[in-house]
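Student: I am new to this structure and would love a close look at one part of it. Could you take me through the nonpolar core and its surroundings?

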Amino acid sequence: SIIEGIEGIVGEGRYRGLLRPDSTGAFLEDLFLSSEGTLVLSVVGLIVVFIVKQYIPEPTQEELDEIQKAETDAKWERHNARWTPEAIGLNTQDGKYLPPPTQKLPGTSPRPVIPTKPMPPSKRTVVETTPFPTTVTIYGDVDDAVLVYVTYHDVGLNHRWCFGKLLSQMNGSGMLEKVAVVNIDVPGHEDGADALDLKAAGMGAAAAAFN
């Protein structure tokens with residue numbers, strides 16, 4: 001064996017001073033702190049690696065996939081156990097989330113219901129701007145309104161597509177009776193708009209107008 005070989009070398013004195021077996025401390029010191037001990041450890045390590053390679057088969061890709069899947073499933077189980085409704089303090093019934101009962105105040109409905117009614121007449125004005133005219137749509141009375149909102153829609157939309165739902169809710173709640181909304185449509189974005197002649201107007205002037 002390896003131990004017998006080392007003892008034979010030391011005992012025969014073929015390499016005097018290689019490893020000193022006179023005490024455990026001296027033996028370990030020579031084994032780990034001397035160049036000869038490093039050589040012995042390297043040989044022993046190579047032999048151990050060879051034995052492992054020969055007699056312990058490497059796992060196949062399917063086995064590795066199964067191990068990874070098992071680890072992932074275990075992580076998800078720990079995650080789900082940590083974030084169950086019971087764990088985070090929610091009301092549950094039969095393991096399912098139970099929402100709290102709706103608190104109904106006297107004279108109110110459980111949910112605020114905004115009535116729907118036809119939109120009031122709007123005033124559409126075309127403002128002459130360079131290089132293209134700008135369409136402005138006004139809801140409410142600007143002169144008598146306690147507050148005036150000005151909207152400017154997102155790219156590729158107009159005021160109806162961008163703020164139509166908001167205007168409908170404001171109208172249903174009666175806000176348009178007290179406030180006014182001024183909707184500015186980018187040239188070429190208003191309903192029924194014709195194609196813009198960007199070449200004739202100049203790209204620089206058109207870009208400045210849109211910005």
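Tutor: Happily; here is a walk from the whole protein to the core and the sheet beside it. This is a predicted model, in which local features need pLDDT of at least 70 and side-chain atom pairs count only at pLDDT 80 or more, while totals for chains, interfaces and linings use all residues. Residues are numbered from 1 along each chain as its sequence is written, and side-chain values use heavy atoms, with hydrogens and water left out.

Let's begin with the whole. The protein has 7 helices and 6 strands, taken as DSSP runs numbered from the N terminus (helices are H or I, at least four residues; strands are E, at least two). Of its 211 residues, 18% are buried, meaning under 20% relative accessible area with a 1.4 Å probe and protein chains only, whereas exposed means over 50% and partly exposed lies in between.

Now for the core. A nonpolar core is a set of buried Ala, Val, Leu, Ile, Met, Phe, Trp, Tyr and Cys residues joined through side-chain atoms within 4.5 Å. The largest one here has 7 residues: Tyr139, Phe163, Leu167, Met170, Leu176, Val179 and Val181. Both α5 (159-172) and β6 (179-185) give at least two residues to this core, and the largest share, 3 residues, comes from α5.

Tyr139 is a good place to pause. Beyond its neighbours within four places in sequence, Tyr139 is in contact (heavy atoms within 4.5 Å) with residues including Leu167, Val179 and Val181. Other residues that Tyr139 touches include Met119, Pro120 and His159. Val181 is also the bridge partner of Tyr139 in β6.

That bridge leads us to the sheet. Strands count as paired if DSSP finds at least two bridges between them. β4 (residues 134-139) and β6 run antiparallel and are joined by 5 bridges. On the β3 side, β4 pairs with β3 in the antiparallel sense over 6 bridges, and Thr125 has Val136 as its bridge partner in β4. β3 and β4 form a hairpin, with 6 residues between them.

Put together, these strands belong to an open sheet of 4 strands, in the order β3-β4-β6-β5 with mixed pairing. Its edge strands, β3 (122-127) and β5 (147-152), each pair on one side only. From one strand to the next the twist averages 20°.

Finally, α5 lies across β4, β5 and β6, and runs at about 170° to β6. Such angles run from 0 to 180 degrees between N-to-C directions, with axes fitted to C-alpha atoms, for helices over the stretch in contact.
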